[in-house]
Protein chains: 2
Amino acid sequence: MNQPDPSLVPFFTPAGVAIVGASHDPTKLGYGLSRNLMRSGYRGGIYFVNIKGGSLMGKPVYESLALVPDPVDLAVLLIPAGGMPQALEACAERGIRAAIIAAGGFREIGLQGAALEAECLAIARQRGLRLLGPNCIGLLDTHLPIDTTFLSPPGPTPGDVAFISHSGAICAAVIDWARGQGFGLSRLVSLGNQVDVNETDMLAPVADDPYTHVLTLYLEGVSDGRHFVAQASQVSRRKPILALKVGRYASGQRAVASHTGALAGTESAFNAAFRRAGVIRAETTEELFDWARALAWCPLPGGRQVAVLTNAGGPGVTAADSLEAAGMCLASLSETTRAALQEILPPAASLHNPVDMLAAASPQQYASSLQILLADPAVHSVMVILPPPPMHTAGGIAKAIIPVIYTAEKPVVVALMGERLIQEAVEHFRAAHVPEYRFPERAAQALAVLAQRSEYLAANGAVASEASRPDGTHQQAARQVLANCGSEGWLSQEQAFALLETYGIPANRPHLARTPTEAATLADRLGYPVALKVASLDIAHKSEAGGVLLDLRDAPAVQIGFEQMLANCRAVTPGATIDGVYVQRMAVDGQEVIVGAIQDPQFGPLVMFGSGGVEVEGLKDVQFALAPLGEEEAASLLGKTWAGQKLRGFRHLPAADLQAVTQVVLRLAQLVADFPELAEIEINPLRVMQAGQGVLAVDVRARVAG
Amino acid sequence: MNQPDPSLVPFFTPAGVAIVGASHDPTKLGYGLSRNLMRSGYRGGIYFVNIKGGSLMGKPVYESLALVPDPVDLAVLLIPAGGMPQALEACAERGIRAAIIAAGGFREIGLQGAALEAECLAIARQRGLRLLGPNCIGLLDTHLPIDTTFLSPPGPTPGDVAFISHSGAICAAVIDWARGQGFGLSRLVSLGNQVDVNETDMLAPVADDPYTHVLTLYLEGVSDGRHFVAQASQVSRRKPILALKVGRYASGQRAVASHTGALAGTESAFNAAFRRAGVIRAETTEELFDWARALAWCPLPGGRQVAVLTNAGGPGVTAADSLEAAGMCLASLSETTRAALQEILPPAASLHNPVDMLAAASPQQYASSLQILLADPAVHSVMVILPPPPMHTAGGIAKAIIPVIYTAEKPVVVALMGERLIQEAVEHFRAAHVPEYRFPERAAQALAVLAQRSEYLAANGAVASEASRPDGTHQQAARQVLANCGSEGWLSQEQAFALLETYGIPANRPHLARTPTEAATLADRLGYPVALKVASLDIAHKSEAGGVLLDLRDAPAVQIGFEQMLANCRAVTPGATIDGVYVQRMAVDGQEVIVGAIQDPQFGPLVMFGSGGVEVEGLKDVQFALAPLGEEEAASLLGKTWAGQKLRGFRHLPAADLQAVTQVVLRLAQLVADFPELAEIEINPLRVMQAGQGVLAVDVRARVAG
C-alpha cells in the first residue's frame with residue numbers, strides 16, 4: 001500500500017485557497033476561476049488577490065498575498081507568466097505549501113518560457129512548495145467539494161470516476177460529455193506542463209479518495225516508466241485504472257540494429273508496462289468511459305460465460321458475435337434454467353442462449369427471466385438487450401429489471417437500442433447505476449473488461465512475483481565479461497557467448513580460427529557437421545555477406561569453406577576488418593525461437609520472445625514483457641506467440657523443452673535488469689530440443705552503451 | 001447498369017395499398033399499421049380490409065379484398081398465419097401484384113410454419129405475386145412517402161441513407177436511434193424470412209431511389225453469394241454500399257482436410273466477396289451509420305493526406321494517432337499555407353499539421369484557417385476539432401465554418417467534443433449535413449472510409465477485369481483427368497499433378513516406385529538429391545507418419561529409405577493401404593509459398609495465397625479472393641501477405657519470380673472456377689525461384705466431391 005505523499009495533501013484538502021489574479025471582468029479567465037470556486041461549495045476560506053484591490057462577489061480583494069488571513073495553504077495563480085517567480089516567493093512567504101499555476105506562457109511557447117519554468121521549479125524546490133501545472137486548467141473534487149478550474153459552467157455532476165489528464169482541452173470536453181453520457185466524476189486533475197507534480201505522483205492521492213471507484217488516465221507518455229509501473233501496480237490492486245495512451249505514432253526513432261530493438265517500439269513497452277501494472281488500455285475516449293462506468297458500478301464476474309437475454313433474434317446474433325470477438329463465450333444453460341424459462345415464456349421462445357423471449361416480452365417476463373439466468377451457476381454475467389419494444393415501454397421494462405440487477409452478485413449490462421423511445425429507460429438505468437450502451441457491441445466489450453479485471457485480481461500475487469535472482473557469483477562473472485568489452489559497441493562472439501554462460505544460459509560457443517587449417521583442426525575436435533561464420537564486428541548481417549556456411553561434413557569442406565567465405569565477405573564488404581572464422585558444432589534438431597532483451601528509454605529493461613530466424617521482423621510473431629519477470633509471466637509471454645504455442649508440440653514436432661526456454665527468458669531478463677549498460681542482447685536462434693533435453697543458444701548478438 | 005426488376009415496382013411506388021387485418025384496437029399491430037400508413041402522407045389510395053367491416057380513421061373498412069376499388073397493387077397482410085394462403089389467392093384475384101406479409105408464425109416457429117411458408121410461395125409463384133416477408137416489419141420510403149410498418153411513432157426523419165435489414169428489431173432500433181444521431185433515412189426494408197424477395201433483389205430497386213445517397217445493410221448472410229456479388233458490384237459503382245455482417249462465429253463446420261479449407265472460414269469468403277463487390281464492411285452498428293453519414297454528405301477526397309485543425313494540443317495528438325491507425329497520413333503543409341496561417345494566428349500557434357490555433361481561437365480564425373488548409377494541394381481532406389472553446393461558443397464557430405465547408409470540394413469532418421456546451425453546434429452541423437463525431441477517433445475512421453470509396457471508384461475498371469480464360473484445350477484435358485478420378489475423394493499424386501499440368505502450372509511430378517530397386521532406378525534417372533514420399537490415399541499428413549524423406553543423395557540411401565519408410569508408416573497407420581513410394585527430384589532453391597483453392601458453399605470458388613509449409617494454419621499469413629480473378633487483383637492479393645512481400649526480395653533472398661506466382665494464382669483460380677466438382681486443391685509448397693526462373697509445385701493435394 002502506497003503512503004500518500006503528505007506534501008500533496010493541500011491540493012485535495014486545502015485549509016484555505018487564495019486566487020491570485022482574481023478578476024471582475026467576465027471575459028477574463030480570472031473571473032471564471034473565482035466564479036467556479038465560489039459556486040463549487042468549497043467550505044474553507046476563499047481569498048481573492050489582485051493588486052487592484054476592491055471587492056468581488058461580496059468578498060474583499062486583497063492587494064497582496066501577504067494580507068490574506070489564515071488558514072490558507074493552496075494558491076491558484078492566474079497572472080502573466082513573467083510575474084510567476086515573484087508570486088511563488090510570495091506564496092512561500094505566506095506559508096502556502098501548494099500552488100496551481102493555471103497560467104500559460106512557459107515551456108509550450110519556447111526556450112524563454114522553459115527558462116522561466118525552470119526558475120519557478122527552483123524556487124518551489126528551495127521553498128518547499130509543490131506545483132501543479134503550469135499551463136493547466138487545475139483540479140476539482142465534486143465531493144469535497146472544490147473547483148479550481150476556469151471552465152464555462154456547468155461543471156461535472158458528482159460521481160465515482162476520477163480523471164487525470166495530460167490535456168486540458170480533453171478535460172473540458174470530458175466534463176461536458178460525461179453529463180450527456182450519464183456518469184459523474186469524483187476528482188479531475190489537469191497536469192499541464194508537469195514542471196513538478198506528474199501523472200505518477202497523482203495516482204495514489206486520487207485513489208485515496210473514497211468516492212473514487214475507478215481511475216481513468218489520458219496519457220501522452222509517462223515521466224518515469226518504472227516509477228509509474230510501481231505506483232500503478234499498487235493502486236490497481238485496490239482500484240481499477242484505465243488508460244488512453246496517445247502519441248502512438250509520434251515515437252522517436254532509436255539507434256538500434258537488432259531485431260529486438262526494431263520490434264520494441266514505444267507501444268510494445270507501454271503495453272508490457274500496462275500489463276505488468278494491471279492498467280487496462282482503451283483505444284478510444286469512448287471506450288475509456290464505457291469501461292469506467294462498468295468497473296465503477298458492477299460486481300466482478302467469476303468467469304467469461306455470458307447469458308444474453310433478448311426480445312428479438314437480430315440483436316441476439318450481434319451480441320453473440322461481439323461477445324466472441326471480445327474473448328467471452330455464451331454460457332451453456334442448465335436443464336433447470338431452461339425448464340424454469342419454459343414455464344414463463346411462450347412456446348416459440350428460444351430457451352437456448354441467447355434467450356429470445358420474442359417481441360411481446362413483458363416487463364415481468366424480462367425480470368423473471370433475468371432472475372432465472374442469474375441463478376444458473378454456469379452464468380457469470382448477463383447482457384440484457386432492449387430494442388424499443390413493440391408492445392410495452394422500455395421504461396417499464398427498466399423499472400421491472402432494476403431491482404433484480406440491484407440485488408444480483410453478478411454483473412448485468414444493458415444494450416438499450418434507440419433514442420427517443422428508450423429515453424425514460426436510459427434515465428432509470430443511469431439513476432440506478434446500471435451501465436447501458438446503445439448497441440450490443442459496446443456492452444460486450446464492457447463485460448470483457450470486467451472479466452479482465454476479475455482475472456487480474458485473481459492472478460495478482462503470481463503476476464507480481466519476480467524471478468529469483470542468480471546469486472552474486474553470476475553477477476560477478478558477468479561484470480568481469482562486460483568490463484572487458486569497452487563502454488560502447490558490439491561484443492565479439494566469444495564475449496557475447498561468455499556473457500550468456502555467466503547467467504547459466506546454455507550456449508553453443510563458437511571457436512575462432514585464423515587459418516583454414518586451424519578451422520579444420522577445430523572442426524575435427526568439435527565433431528561434424530559444423531557451421532562456419534565470419535568473425536567481424538563490421539559485418540552485421542552475416543548471411544547477406546556470404547559470411548555463413550552450414551552443414552559442413554568433413555575437414556576438406558571446412559578448409560574450402562574458410563577460403564570461399566573470406567573471399568565472399570571481402571567482395572561484399574570491402575572495408576570490413578575480418579578477424580577470422582568461427583567454427584561451431586551444428587545443432588541440427590529442435591525448434592528455433594528468438595529471445596531478446598533491450599533497455600527501453602522509458603521503461604528500462606524489456607525482454608522479447610517469439611518466432612526467430614531472419615524473418616522475425618516480417619512475421620512479427622513476438623511479445624514483450626518488462627524485465628525481470630516471474631515464471632508465470634514468462635510462461636504467459638510464451639503462450640501469446642505462435643512460436644510458443646508450437647513448443648507444446650505441433651504435427652510431427654514433438655513437445656519441446658518449455659521449461660528450459662522459460663529459464664532462458666527469465667535469465668536473459670535478469671541479465672539486462674542487472675546491467676543497464678547492456679543496451680541490447682539477442683539470442684537468434686535459440687534451438688529448443690525435446691522436453692527434458694534442454695536448449696542451445698546458436699547465435700547471440702549483444703551491444704553495450706554508455 | 002442493372003435493370004430494376006419490374007415485378008418489384010409495386011413495393012416502392014404502389015398505385016394503391018390494401019391493409020388486410022386493419023384493426024380498431026390500439027393494442028393490435030393492425031391498428032399501428034393503419035395509423036402509420038395514414039400518417040405517412042402516402043398519396044395513393046389506402047384501403048382497410050377486415051372481415052368485421054365498419055369504418056376506421058374516417059375510412060370504410062371493406063369486408064373482403066374483392067370489394068376494394070381501383071387502383072390497388074400492393075397488399076400488407078397482418079392476419080393469422082393460417083389464413084395466409086387464402087389471402088394470397090384473394091390478392092391475386094383482385095389483381096394485386098405484390099404483398100408484404102408482416103405476420104409471423106412461419107418458418108421461425110418450426111416445421112409446420114415452414115410448410116405454410118412453402119405453400120404461400122407456391123401460390124405466389126403460380127399467380128405472379130411477389131412477396132416481402134413473412135415475419136417482417138415491412139418497408140417505408142420517407143420521400144414518396146409511404147410507411148407500411150406497425151412501429152410506434154415517431155417514424156424516421158426523411159434523409160439520404162437507405163437501410164435494408166435481415167432483422168426487424170434492428171430496424172426499429174435504427175429508426176429511433178437515427179433521430180438522436182441527426183440523420184434521416186430514405187428507404188427502409190425489413191426482409192423477414194425472405195420466402196421470395198431477398199437482400200440481393202432489393203439492392204437495385206433501393207439504389208434507384210434518387211433520394212438515396214448510400215445503402216446500408218444489416219446482413220445475417222446472403223441468399224446466393226455470386227448473385228449478391230454481381231448485383232452489389234453494379235450498384236456500388238453508382239452508390240456506396242456499407243454492410244454490417246453478423247453471425248461471424250455461428251458459421252457451420254465444414255468437412256475439409258486441407259489447410260486452405262481450414263483457413264477459409266465463412267468470414268474469409270465474405271471479406272473476399274465484399275472486396276470484389278466494393279462493399280465496405282463495418283464491424284459495429286455505430287460504424288455503419290458513422291460512415292454512412294460521411295458517404296452521404298461529403299465529396300470524395302483525392303488521396304489519404306489529411307490536415308487537422310484544432311484549438312488544443314491533446315485532441316490534435318489523438319487525431320494524429322487515429323488517422324495513422326486508420327491508414328491515413330498527415331499532410332505536409334506547403335510554405336504558402338504556413339505563411340498564410342501565420343498572418344492570422346498568434347505567434348505561439350503551431351503551424352505544422354495538426355495546426356493548433358490555441359485555446360482562444362475565434363470563429364473567424366477557424367473559418368480562415370480552414371479555408372487556407374483547403375486551398376493547399378497537399379491536403380485531401382480536413383478534420384476540424386472543436387472542444388468546448390473557453391473564449392467563444394461552439395455554435396458561433398459552427399456558423400462561421402459551415403459556409404466554408406459548403407463550398408469546399410474536399411471533405412471536412414468535425415470532431416465535436418462535449419455535450420451541453422456543443423449542443424447548438426451539433427444542430428447547425430446536422431442541419432448543414434456536415435458529419436460531426438464526438439471524438440477524433442470516429443472522425444478519423446470516417447475520413448478513411450471516404451478515401452477507401454474514392455480509391456474503389458478509381459480502381460473500378462481494373463478490379464472488375466477477369467483473367468483471360470485458358471483455351472478449350474486446357475479445359476478438355478482437365479476434364480479428362482477429372483473424369484478418371486471418381487466422383488468423391490482425394491486424387492492420387494499423379495492425378496493431382498496431372499491436373500495442375502493441364503492448366504499450365506509447372507509441377508515437379510513424382511514417380512511411383514513399388515520396390516526399393518525400382519525407386520533407386522527412378523532416382524538415378526531423375527538425378528540427385530531426391531525426396532521419397534509414401535504413396536497412400538489413407539495417410540493425410542505424411543510427415544507425421546514418417547512418410548517423407550528428403551535430400552537422399554545416392555541409390556543406396558534411396559533403397560534403405562524406401563524400406564524404412566514402409567516400416568514406419570505401417571507402424572504408425574496400421575490399416576492404411578500403401579501403393580508404394582513416390583520418388584521426386586528435390587528442388588532445393590527458392591522461397592516456398594502456398595496456393596490453394598476451394599469451393600465456398602456461399603460464394604463458390606475462392607483462391608488463397610500465403611506462407612506455406614506445415615505451419616500455415618499457425619502463422620495464418622494467408623489471404624483469400626473470389627475466383628477467377630484479374631492480374632491486378634492477384635497482385636494485390638500477394639501484397640497483402642508477408643509471404644508475398646518477401647517475394648520482392650528480403651535480406652539475402654533475391655527477388656523471386658512474382659510474375660510466375662501470379663500466373664499460378666490466376667490459373668488455379670480459373671481451374672476451380674471451371675470445375676465446381678473440384679472441392680479443394682492446394683499446392684504446398686509452391687517453390688518460387690529467382691525472377692525469370694519460374695516456379696515449381698512441389699506437392700499438391702486435391703479432392704473432388706459430388
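# Helix α7(B) and the contact between chains B and A

In α7(B), the buried residues (under 20% relative accessible area with a 1.4 Å probe, protein chains only) are B:G225, B:F228, B:V229, B:Q231, B:A232, B:S233, B:V235 and B:S236. This is a predicted model, in which local features need pLDDT of at least 70, side-chain atom pairs count only at pLDDT 80 or more, and totals for chains, interfaces and linings use all residues. Residues are numbered from 1 along each chain as its sequence is written, chains are lettered from A in the order in which they are written, and side-chain values use heavy atoms, without hydrogens and water.

**Helix α7(B)**

- Helices are DSSP runs (H or I, at least four residues), numbered from the N terminus.
- The 14 residues of α7 (225–238) of chain B should span 20 Å at 1.5 Å a residue, counting one less than the number of residues, and the end C-alpha atoms are 20 Å apart, which agrees.
- At the helix start, a side-chain oxygen of B:D224 comes within 3.2 Å of the backbone nitrogen of B:R226.

**Extent of the interface**

- Chain B and chain A each bring 63 residues to the contact (heavy atoms within 4.5 Å).
- About 5600 Å² is buried between chain B and chain A (accessible area lost with a 1.4 Å probe, summed over both), and carbon and sulfur atoms give 64% of that area.

**Links across the interface**

- The rule finds two salt bridges (a side-chain nitrogen of Lys or Arg within 4 Å of a carboxyl oxygen of Asp or Glu) between chain B and chain A.
- B:E286 forms a salt bridge with A:R442, with the closest N and O atoms 2.7 Å apart.
- On the side of chain B that touches chain A, α5(B) supplies the largest share, eight residues.

Methods. Buried area is the accessible area (1.4 Å probe) that two parts lose on being put together, summed over both. Helices (H or I, at least four residues) and strands (E, at least two) are DSSP runs, numbered from the N terminus. Buried means under 20% relative accessible area, exposed over 50%, partly exposed in between (1.4 Å probe, protein chains only). A polar contact is a pair of N or O atoms within 3.5 Å; within protein, one must be able to donate a hydrogen and the other to accept it, and residues adjacent in sequence count only if both atoms are side-chain atoms.
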